[in-house]
Amino acid sequence: MLADAEDGNPRPTGNMCSPGTEVFYKGKMDPRHCINSSSNTYPWNEWVQAELIVQDSLVTHKVNGEIVLTYTKTQIGGGTTNGYNPEIKQDGKMLTEGYIGLQAEGQGVLFREIKIKRLK
């Protein structure tokens, strides 16, 4: 979650930041490292419920029950990585498995009640 900033500029939460990964957003490959969601900006001390739903190639981000971002065709690629093994980083290879990483883009974060559910 990106909390409100001192400068008053909006900072949506539920964004997609993907070093070493490319996605299709609004029907075409999006080369950006980060794609902002449509979510609101929340105060730093307010809990926010976030959901990430992955169904085959479709990825949906929800914040407080509202869909704030969708994209498809997650695949290896992009120029924001270095020191990688080229046998593993095969640009264009579709992602079908991997790890779950929780991150904060440059600020503190607290997580609670993390649940993982396998969808059929």
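Visitor: Which residue in S6 is the bridge partner of Ala50?

Guide: That's Val63. Before we go on, keep in mind that this is a predicted model.

Visitor: Got it. What holds the strands of a sheet together, in general?

Guide: Strands pair through backbone hydrogen bonds, and the pairing can be parallel or antiparallel. In the case here, S5 and strand S6 (residues 58-63) run antiparallel and are joined by six bridges.

Visitor: How many strands form the sheet, and in what order?

Guide: Five strands make an open sheet, and you read them across as S3-S2-S7-S6-S5, with antiparallel pairing. At the edges sit S3 and strand S5 (50-55), each of which pairs on one side only. Going from one strand to the next, the twist averages 35°.

Visitor: Let's walk across it. How many bridges are there between S2 and S3?

Guide: Three bridges, again in the antiparallel sense, with S2 covering residues 21-25. Look for Tyr25, which stands opposite Lys28 in S3.

Visitor: And which residue in S7 stands opposite His61?

Guide: Leu69 does. S6 and S7 pair over five bridges, antiparallel once more.

Visitor: How do I read the turns? Which residue in the hairpin of S5 and S6 takes a positive phi?

Guide: Asp56, with a phi near 55°, and that hairpin has two residues between its strands. Now slide along to the hairpin of S6 and S7: there are two residues between those strands, and Asn64 in the turn has a positive phi of about 50°.

Visitor: Now the surface. Is Asp30 buried or exposed?

Guide: To call a residue buried, we ask for under 20% relative accessible area. Asp30 has 9%, so it counts as buried. You'll find Asp30 in strand S3 (residues 28-30).

Visitor: Which residues does Asp30 touch, leaving out those up to four places away in sequence?

Guide: Asp30 touches Val23, Tyr25 and Ile35. You've met Tyr25 already, as the residue opposite Lys28.

Visitor: What about Ile114: buried or exposed?

Guide: The cut-off for exposed is over 50%. Ile114 has 55% relative accessibility, so it goes down as exposed. To find Ile114, look in the segment after strand S7 (66-76).

Visitor: Which residues form a nonpolar patch on the surface with Ile114?

Guide: Its patch partners are Ile100, Leu102, Val109, Phe111 and Ile116. Together with Ile114, they have about 640 Å² of accessible area.

How values were computed. Residues are numbered from 1 along each chain as its sequence is written. This is a predicted model: local features need pLDDT of at least 70, side-chain atom pairs count only at pLDDT 80 or more; totals for chains, interfaces and linings use all residues. Side-chain values use heavy atoms; hydrogens and water are left out. Helices (H or I, at least four residues) and strands (E, at least two) are DSSP runs, numbered from the N terminus. Buried means under 20% relative accessible area, exposed over 50%, partly exposed in between (1.4 Å probe, protein chains only). Contact means heavy atoms within 4.5 Å. Patches are made of residues with over 30% relative accessible area and no salt bridge: like charges are joined within 9 Å, nonpolar side chains (Val, Leu, Ile, Met, Phe, Trp, Tyr) within 5 Å. Accessible areas come from the Shrake-Rupley method with a 1.4 Å probe; for residues, only the protein chains shown count as cover. A salt bridge is a side-chain nitrogen of Lys or Arg within 4 Å of a carboxyl oxygen of Asp or Glu. Two strands pair if DSSP finds at least two bridges between them. Axes are lines fitted to C-alpha atoms, for helices over the stretch in contact, and angles run from 0 to 180 degrees between N-to-C directions.
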